[in-house]
Amino acid sequence: MQRILKVMSDNSPGVLVLAATPIGDDADASPALLRALGEADVIVAEDTRRAQRLFSRLDLHVDAPLISCFEGNERERIPELLGDLRQGKRLVLITDAGMPVVSDPGYRLVNAAIEEEIRVTAVPGPSAVLTALALSGLPSDRFCFEGFLPRKPGERRRKLSELVDEQRTLIFFEAVHRLADFLADMRDAFGPDRQAAVCRELTKTYEEVKRGNLEELAEWAKADVRGEITIVVHGAQQKAPDAEAALAQVMELVERGDKLSFAVTEVARRTGVRRKSLYDAALAAKKEDN
């Protein structure tokens with residue numbers, strides 16, 4: 001029997017609701033999502049056809065009008081949507097999968113609503129970013145999400161070179177037809193031994209998490225890999241302080257006229273070399289010079 005959710009109406013101020021949709025398994029649709037869709041005055045969707053198919057699979061009937069809002073038209077849609085919000089309407093924003101705004105439309109609309117002092121809230125739910133991080137087996141205490149890197153090989157390689165020393169776990173999205181080239185570029189930039197995980201078809205029937213180093217994953221990706229892809233990569237290992245280079249910096253500061261204690265403290269702070277060992281080495285170097 002088809003669900004019919006009554007649209008609620010009242011005189012409360014307008015509100016923009018960011019609602020997460022399933023990333024693969026429709027069973028992940030929460031009661032909160034169903035309620036939000038039923039209470040909406042307007043539903044704003046990245047792709048209205050996909051939204052209608054989702055409603056059909058969920059056996060859900062909604063009365064609210066459905067308006068498209070995607071990367072190509074979001075900026076033009078904002079005045080119309082702000083007008084609805086100013087009139088006190090409840091707008092629910094959904095994307096094709098997962099949380100709006102996260103590598104999906106919605107960022108411009110959210111900022112416009114905030115500038116108008118319109119309330120913005122969220123219905124939390126599935127996220128490919130957090131699901132992949134949890135399944136990867138890689139450190140999850142500190143991480144950063146880089147989304148999609150540039151499509152052009154040269155620009156992609158430059159961006160990867162900027163991330164070589166990032167110590168947090170890195171998370172990327174990538175189109176499956178560019179996966180092999182992406183992993184090969186990452187292997188060349190980060191080194192073949194960096195650990196990573198390629199997560200595909202998360203929460204779907206053919207979910208797979210392929211773990212290994214970048215050399216292994218780049219080779220694996222040459223085969224016929226399919227599906228939606230999220231990549232998780234171990235952060236860079238912290239480099240051991242270079243005691244010899246730190247000592248040279250101390251002696252340079254001393255030669256310029258700085259006191260030894262000040263020079264040692266300053267260089268220890270900059271390089272991470274232990275102050276006591278650096279001070280002892282500097283004293284020994286001064287004795288040799290004398």
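This passage describes two open sheets, the helices that pack on them and a group of helices further along the chain.

The structure is a predicted model, in which local features require pLDDT of at least 70 and side-chain atom pairs count only at pLDDT 80 or more, whereas totals for chains, interfaces and linings use all residues. Residues are numbered from 1 along each chain as its sequence is written, and side-chain values rest on heavy atoms, with hydrogens and water left out.

Helices (H or I, at least four residues) and strands (E, at least two) are DSSP runs numbered from the N terminus, and two strands are taken to pair if DSSP finds at least two bridges between them. On this basis, one open sheet comprises five strands in the order β5-β3-β6-β2-β7, with parallel pairing. Because β5 (66-68) and β7 (119-123) stand at the edges with a single partner strand each, one side of each is left without a neighbour in the sheet. From one strand to the next, the twist averages 25°, where axes are lines fitted to C-alpha atoms, for helices over the stretch in contact, and angles run from 0 to 180 degrees between N-to-C directions. Within this sheet, β2 (residues 15-19) and β6 (residues 90-94) are joined in the parallel sense over four bridges, and Val15 has Arg90 of β6 as its bridge partner. Helix α1 (residues 31-39) packs on the sheet, touching β2, β3 (42-45), β6 and β7, and its direction makes about 130° with that of β6; contact here means heavy atoms within 4.5 Å. Helix α3 (residues 74-86) also packs on the sheet, where it touches β2, β3, β5 and β6, with its direction at about 150° to that of β5.

The other open sheet likewise has five strands, in the order β8-β9-β12-β10-β11, but with mixed pairing. Its edge strands are β8 (143-148) and β11 (208-213), each of which pairs on one side only, and neighbouring strands are turned by 15° against each other on average, direction ignored. Strands β9 (residues 169-174) and β12 (residues 229-233) run antiparallel and are joined by five bridges, with Ile171 standing opposite Val232 in β12. Helix α7 (residues 179-190) lies across β9, β10 (195-200) and β12, and runs at about 10° to β12.

In the UniProt record, an unreviewed entry, the annotation "domain: Tetrapyrrole methylase" covers residues 16-218; such annotations may be inferred rather than shown by experiment, and their positions are given in the numbering used here. Over residues 16-218 the chain is 38% helix and 23% strand, with the end C-alpha atoms 42 Å apart.

Helix α9 (residues 243-255) makes contacts with two further helices. The axes of α9 and α11 (residues 275-289) come within 10 Å and cross at roughly 60°. The contact is formed by Ala246, Leu247, Val250 and Met251 of α9 together with Leu278, Ala281, Ala282, Ala285, Lys286 and Asp289 of α11. By class, this contact has eight nonpolar, no polar and two charged residues, with Ala, Val, Leu, Ile, Met, Phe, Trp, Tyr, Cys and Pro counted as nonpolar, Asp, Glu, Lys and Arg as charged, and the others, Gly among them, as polar. The axes of α9 and α10 (residues 260-271) come within 9 Å and cross at roughly 145°. Here Ala246, Gln249, Val250, Leu253 and Val254 in α9 meet Leu260, Ala263, Val264, Val267, Arg270 and Thr271 in α10, a contact with eight nonpolar, two polar and one charged residues.
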